[in-house]
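Okay, can everyone see the screen? I'll put the structure up and walk you through the parts I spent time on.

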Amino acid sequence: MRLRNITGSREVIAESPYVIREELQAGCAGRWKEIFDNVNPIHIEIGMGKGKFIHTMAKENPDINYVGIEKYSSVLLRAVQKMEKEELPNLKFLRMDAEEITRVFGPREVSRIYLNFSDPWPKDRHARRRLPSREFLARYDVILEQNGRLEFKTDNRALFDFAVDELVPAGWTASVLTYDLHHDEVLMQGNVMTEYEEKFSSLGNPICKYVIIREN
Ligand code: SAM
């Protein structure tokens, strides 16, 4: 998602109390429980877009701390505006490229990672930029705690097939895998729709999902 550059979005984000300032990001690693001032688990969404999913999750689960990560200020601005309307103490945002994620979260500090409708980067030479690529899985492996989960959903079948293939070199196995989430009664229990999920499922696109549980 790349919204038209919105004038002033960088400034709004730099001053927002909900967004960790860029110069402070590296200092967050190993300190997230202190930042939220409690010992609740940390769940993150990488590439959260306008933040509908993570805002709903944070509202429904006050005993979990959520961190939303988004690369573009113009997109993150929408999530910040949602927080201004409905503030949640258990939700913070980072404007950053997730390539740097191990700089911001310490080893095994994160209990759950959500990847929702990640950008497909269809050209082969851009494969390492895909959020479920082996390069990113190696980063998630550092920050995910034992028994931590990685959940990925998308309507893009080519990206999903790629993501499933990438699990093998990473040594990970899916404990849940479906090619049609919205017709699976069990998996749909508690499913929170993202913006892209609403849009593409309303067009009739099946939604694929996997769940990985990190065992060691
Ligand atoms: N998750 C949302 C949803 O399901 O509605 C948004 C999906 S949108 C297709 C993907 C988002 O991921 C975009 O807003 C994009 O800017 C962000 N993104 C892509 N690569 C990223 C990266 N390396 N680091 C942080 N954000 C990224």
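So, Lys 82: if you skip the neighbours within four places in sequence, Lys 82 is in contact with Gly 51 and His 55. This is a predicted model, by the way, so everything I say is about a prediction. Lys 82 sits in helix H4. Is Lys 82 buried, exposed, or partly exposed? Lys 82 has 19 C-beta neighbours inside 10 Å, and a residue needs 20 or more to be called buried, so Lys 82 counts as partly exposed. There's also Lys 50, which is 32 residues from Lys 82 in sequence, yet the two C-alpha atoms are 8.7 Å apart in space.

Now flip over to the other partner, His 55, which is in helix H3. His 55 has 22 other C-beta atoms within 10 Å, so His 55 does make it as buried. Again leaving out residues up to four places away in sequence, His 55 touches Ala 79, Lys 82 and Leu 91. If you were wondering about another histidine, His 126 is 71 residues along the chain from His 55, and their C-alpha atoms are separated by 30 Å.

His 55 has company on its own helix. The buried residues in H3 include Phe 53, Ile 54, Met 57 and Ala 58, and Lys 52 is in that group as well. What covers them? The list includes S1, S2, H4, S3, S4 and helix H9, which is residues 195-202.

Okay, so let's do the strands. S1, residues 42-46, pairs with S2 in the parallel sense, over 5 bridges. To give you one landmark, Ile 46 stands opposite Ile 69 in S2. And H3, residues 52-60, is the helix in the middle here: S1, H3 and S2 make a right-handed β-α-β unit.

On to the next strand along the chain. S2 and S3, residues 91-95, run parallel too, and 5 bridges join them. Gly 68 has Phe 93 in S3 as its bridge partner. The chain gets from S2 to S3 through H4, and that β-α-β crossover is right-handed.

How much of S2 is buried? S2 covers residues 65-70, and 6 of its 6 residues are buried. Both faces are covered: on one side you have Asn 65, Val 67 and Ile 69, and on the other Tyr 66, Gly 68 and Glu 70. I'd point out that Asn 65 and Glu 70 are both on that buried list.

Let me go to the core. The largest nonpolar core has 47 residues, and the two that touch the most other members are Val 80 and Ile 113. Helix H4, residues 73-85, gives this core its largest share, 6 residues. Val 80, leaving aside neighbours within four places in sequence, is in contact with Val 12, Ile 13, Ser 16, Tyr 18, Val 19 and Phe 93. You've met Phe 93 already, as the bridge partner of Gly 68.

Next, helix H7, residues 157-170. H7 has 14 residues and reaches 20 Å from its first C-alpha to its last, close to the 20 Å expected at 1.5 Å a residue. Its buried residues are Leu 159, Phe 160 and Ala 163. Looking down the axis of H7, these fall within an arc of 100°, so they line one face of the helix. That buried set packs against strand S5, 144-154, and strand S7, 208-213. Round on the other side, Arg 157, Ala 158, Asp 161, Asp 165, Val 168 and Pro 169 are exposed. Just after H7 comes Gly 171, with a positive phi of about 75°.

Which brings me to backbone angles. Most residues other than glycine have a negative phi. Trp 121, though not a glycine, has a positive phi of about 40°. Trp 121 lies in the loop between strand S4, 110-116, and helix H6, 134-143. With 16 other C-beta atoms within 10 Å, Trp 121 is partly exposed. Asn 147 isn't a glycine either, and its phi is positive at about 70°. Asn 147 is in strand S5, and with 10 C-beta neighbours inside 10 Å, Asn 147 counts as exposed.

That's my tour, thanks. Happy to go back to any of the views.

Conventions. Residues numbered from 1 in each chain as written. Predicted model: local features only at pLDDT ≥ 70, side-chain atom pairs only at ≥ 80, totals over all residues. Core = buried A, V, L, I, M, F, W, Y, C linked by C-beta atoms within 7 Å. Buried ≥ 20, exposed ≤ 12 C-beta atoms within 10 Å, placed from the backbone. Helix = DSSP H or I, 4+ residues; strand = E, 2+ residues; numbered from the N terminus. Contact = placed C-beta atoms within 7 Å. Pairing = 2+ DSSP bridges. Right-handed = clockwise from strand over helix to strand, strands pointing away. Expected span 1.5 Å × (residues − 1). Arc of directions from axis to C-beta.
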